[in-house]
Amino acid sequence: MCASYGLDPRFTDAELLAAADEAVLEGLRGWAEQNAGETVRPTGKNLRNLNPLVTQPDTTPTLEPAWWGFLVGGEPSKFPSINTRSERLQDRPGGLKSRALVPATSWYEMKKPERVWHEFLVDDGALFGMAAVTQRGRTADGESFTCYSIVMRPAPPHLAHIHDRMPLLVPASLSGDWLTAEPTREIIDEALLAAASLDDRVQVAPRTDDKAGAATPQSDRRTSDAPTERLF
């Protein structure tokens with residue numbers, strides 16, 4: 001389960017983000033700077049931390065503040081909704097009706113039974129997009145939000161010993177289709193195949209916790225000579 005992730009404003013678009021819309025990138029940097037490096041967490045019922053989400057309601061990608069987790073009947077859902085299993089979307093592609101990208105530079109998982117936090121990066125902290133499904137929701141006071149759930153897939157062998165699931169990462173080559181394609185099993189199958197090409201670029205390191213600034217020993221990070229591909 002992915003219940004926390006990071007968005008560092010120091011990301012670079014020199015290689016990975018060259019084709020991304022500049023307004024989206026500047027919006028991400030501005031949000032990340034205001035967030036002051038804090039870990040991104042599910043939206044709270046009382047303290048409504050809204051997180052940046054990339055959607056495409058019209059012809060170009062748009063950045064909007066969104067609620068992490070689904071709202072049902074004016075309240076946060078009683079069922080777990082911050083993550084959605086990729087297998088469920090393959091079996092029930094109707095859940096793919098509305099999709100988005102969650103921009104991030106890291107995500108965090110706890111290794112059990114040791115209860116040691118680990119940070120996952122692409123390369124050395126590149127900006128990447130995590131696949132998400134979305135739906136509209138309202139709070140009890142009538143406010144309407146785009147709500148999102150991060151799609152989780154089985155982790156590859158070199159990461160599964162830390163955690164058996166990981167976010168579905170969407171390469172830039174597929175980001176347009178992920179945002180706009182018809183909601184069929186074909187798009188989730190295509191996304192899973194594309195994500196596998198990024199597996200060797202994922203690095204992981206132990207941390208003292210999942211808060212910003214925790215130590216990440218460089219010696220424990222994986223390295224790879226895999227070619228660079230834009231992720232967003």
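Aspartate 8 sits in between buried and exposed in this predicted model: its relative accessibility comes to 25%, so it counts as partly exposed. Its side chain meets that of arginine 10 in a salt bridge, with 2.6 Å from N to O. Arginine 10 is out in the open, at a relative accessible area of 71%. That puts arginine 10 in the exposed class, because the cut-off for exposed is over 50%.

A second pair brings in glutamate 75 and lysine 45, whose closest N and O atoms are 3.0 Å apart in a salt bridge. Glutamate 75 belongs to strand S5, which covers residues 75–76, while lysine 45 is found in the loop that runs between helix H1 (22–34) and strand S2 (51–55). The two parts are 30 residues apart in sequence, so this salt bridge ties them together. As for accessibility, glutamate 75 has a relative accessible area of 25% and is partly exposed.

The pair of arginine 201 and aspartate 123 spans 78 residues in sequence. Here the side chains meet in a salt bridge at 2.5 Å, again taken from N to O. Both partners sit in loops: arginine 201 in the one between helix H5 (185–196) and S14, and aspartate 123 in the one between strand S9 (116–122) and strand S10 (128–138). The pair therefore ties together these two parts of the chain. Arginine 201 is buried, with just 3% relative accessible area. Aspartate 123, on the other hand, is partly exposed at 23%, a value that misses the buried class because buried means under 20%.

Salt bridges also turn up as a network, one that links Arg48, Asp141 and Glu143. Altogether, the count of salt bridges in the model comes to 13.

Turning to the strands, S9 and S14, which flank loops already mentioned, also take part in an open sheet. Four strands make up this sheet, in the order S1-S8-S9-S14, and their pairing is antiparallel. S1 (5–6) and S14 (202–207) are the edge strands, each with pairing on one side only. At the S1 edge, the partner is strand S8 (residues 106–111), and the two run antiparallel, joined by two bridges. Within this pairing, tyrosine 5 stands opposite tryptophan 107 of S8.

Terms used
Residues are numbered from 1 along each chain as its sequence is written. This is a predicted model: local features need pLDDT of at least 70, side-chain atom pairs count only at pLDDT 80 or more; totals for chains, interfaces and linings use all residues. Side-chain values use heavy atoms; hydrogens and water are left out. Two strands pair if DSSP finds at least two bridges between them. A salt bridge is a side-chain nitrogen of Lys or Arg within 4 Å of a carboxyl oxygen of Asp or Glu. Buried means under 20% relative accessible area, exposed over 50%, partly exposed in between (1.4 Å probe, protein chains only).
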